[in-house]
Amino acid sequence: MILARVDGHAVVSIGHPSLKAQKIVLCTPIDEHGADAGSPFAALDPIGAGQHTRVFITTDGSWTQNSVHDDTSPIRNQVMGLVDDAE
Amino acid sequence: MKVGKVIGNVTLSHADSGLRGGRYLVVMPQGAKELTGQNPSGLSDAWALVAYDNLGAGVGDDILYVEGAEAMQPFEHRTPLDAISVALLDTYRYEPPQSVT
C-alpha cells in the first residue's frame with residue numbers, strides 16, 4: 001500500500017484492453033507528512049480523486065484484475081481511497 | 001505503472017515461442033523532471049530498461065509500462081518478462097503543487 005498525491009492524469013487511446021474506459025492518474029508517492037517520497041507513477045482511479053488530493057493506493061495486481069474484471073490485466077496500481085489524515 | 005519514453009528497439013534473431021507477436025523496446029523511465037518538462041530530452045539519470053511491446057510503440061513515444069510479476073499476466077503461458085508496455089500515452093498532465101527541484 002502506498003500513500004500518494006494525485007498530481008495529474010494521462011489519456012491513452014491504445015493500450016491493454018483492461019484499461020478501456022478507465023481513468024488514469026499520475027501520482028507522486030508521499031510520506032506521512034506529505035513530503036515527496038519517490039518517483040511518479042500511474043494508477044487506475046475508479047473513485048475520481050481530484051488534483052492534489054492525498055490518496056491510498058494498492059499495488060496488489062490480483063485485486064486490480066478483479067476490479068477491472070480481466071484476469072489478463074497486468075495493471076497493479078489502483079486508487080483505493082482518499083486520505084483525510086495521516087500522521 | 002510508470003511513464004517511460006521509448007528511446008530504442010531491441011532486435012532478436014531467436015525468441016521464446018511465448019513471445020511471438022511482440023517487440024522489445026528500450027525505455028527510459030520518466031521522473032518528475034521529465035514529466036514536468038524541466039528535462040525536455042526525456043533522458044533521465046535512471047537506468048533504461050527493456051520492455052515487451054505488442055501495441056506498436058516507436059522511438060519517441062511516451063508509454064505506460066509495468067514491471068514485476070504482473071508483466072506476464074497477459075500471457076496464457078508462463079513467460080519470463082520483467083517489463084511490458086501497457087498503453088501508448090496520447091497526452092498527460094503532471095503538475096506537482098510546488099516546483100520540483
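A residue is called buried here when its relative accessible area is under 20%, exposed when that area is over 50%, and partly exposed in between. With that cut-off in hand, keep in mind throughout the tour that the model on your screen is a predicted one.

**Stop 1: chain B on its own**

Select chain B and hide the rest for a moment. Of the 101 residues in chain B, 45% are buried by the cut-off just given. Colour by secondary structure, and one helix and five strands should appear, in the order β-β-α-β-β-β when read from the N terminus. If you align the view to the principal axes, the C-alpha trace of chain B spans about 45 × 25 × 25 Å. A contact map of chain B would show that, among contacts between residues at least 6 apart in sequence, 61% join residues at least 24 apart.

**Stop 2: the largest nonpolar core**

Now bring chain A back and select A:L19, B:M1, B:L64 and B:V86, which touch the most other members of the largest nonpolar core, a set of 25 residues. To see where this core draws its residues from, add β2 (24-29) and β3 (41-44) of chain A, and then α1 (32-35), β4 (62-67) and β5 (83-94) of chain B, these being the elements that give two or more residues to the core. Among them, β5(B) gives the most, with five residues. In soluble globular proteins, nonpolar side chains tend to be buried together.

Centre the view on A:L19 and ask which residues it touches, leaving aside those up to four places away in sequence. Within chain A the partners are A:I24, A:L44 and A:I75, while from chain B they are B:M1, B:V86 and B:A87. Before moving on, select B:A51, B:L55, B:A83 and B:L88, which are included in a second, separate core of 11 residues.

**Stop 3: the interface of chain A and chain B**

Select the residues of each chain that contact the other, which should give 31 residues from chain A and 27 residues from chain B. The area buried between the two chains is about 2500 Å², and carbon and sulfur atoms give 60% of it. Highlight A:I14, A:P40 and A:P74, because these are worth a look as a group: they supply 22% of the area that chain A buries against chain B, more than any other three residues.Across this interface there are 15 residue pairs in polar contact, with both residues of each pair at pLDDT 80 or more.

Staying on the side of chain A that touches chain B, the elements giving two or more residues are β1 (2-15), β2, β3 and α1 (61-67) of chain A. Of these, β1(A) gives the most, with 10 residues. If you colour this side by residue class, it divides into 14 nonpolar, 13 polar and four charged residues.

**Stop 4: the salt bridge between the chains**

How many salt bridges cross the interface of chain A and chain B? The rule finds one, and to see it you should select A:R76 and B:E70, whose closest N and O atoms are 3.1 Å apart. The pair runs from A:R76, in the loop between α1 and β5 (78-82) of chain A, to B:E70, in the loop between β4 and β5 of chain B. A:R76 is partly exposed, with a relative accessible area of 26%, whereas B:E70 is buried, at 14%. Side chains of opposite charge can pair when their charged atoms come close.

**Stop 5: salt bridges within each chain**

A search of the whole structure finds seven salt bridges over all chains, and two of the pairs inside single chains make useful stops. Start in chain B with B:R23 and B:D53, where the closest N and O atoms are 3.2 Å apart. B:R23 lies in strand β2 (residues 23-29) and B:D53 in strand β3 (residues 49-53), so the pair ties together parts of chain B that are 30 residues apart in sequence. Is each partner buried or partly exposed? B:R23 is partly exposed at 35% relative accessibility, while B:D53 is buried at 1%.

Then add A:D36 to the view, together with A:R5 and A:D7, since salt bridges that share partners join A:R5, A:D7 and A:D36 into one network. Zooming in on A:R5 and A:D7, you will find their side chains meeting in a salt bridge at 2.9 Å, N to O. A:R5 is buried, with a relative accessible area of 7%, and A:D7 is buried as well, at 0%.

Notes. Residues are numbered from 1 along each chain as its sequence is written. Chains are lettered from A and ligands numbered from 1 in the order in which they are written. This is a predicted model: local features need pLDDT of at least 70, side-chain atom pairs count only at pLDDT 80 or more; totals for chains, interfaces and linings use all residues. Side-chain values use heavy atoms; hydrogens and water are left out. A nonpolar core is a set of buried Ala, Val, Leu, Ile, Met, Phe, Trp, Tyr and Cys residues joined through side-chain atoms within 4.5 Å. Buried means under 20% relative accessible area, exposed over 50%, partly exposed in between (1.4 Å probe, protein chains only). Helices (H or I, at least four residues) and strands (E, at least two) are DSSP runs, numbered from the N terminus. Contact means heavy atoms within 4.5 Å. Buried area is the accessible area (1.4 Å probe) that two parts lose on being put together, summed over both. A salt bridge is a side-chain nitrogen of Lys or Arg within 4 Å of a carboxyl oxygen of Asp or Glu. A polar contact is a pair of N or O atoms within 3.5 Å; within protein, one must be able to donate a hydrogen and the other to accept it, and residues adjacent in sequence count only if both atoms are side-chain atoms. Ala, Val, Leu, Ile, Met, Phe, Trp, Tyr, Cys and Pro count as nonpolar, Asp, Glu, Lys and Arg as charged, and the others, Gly among them, as polar.
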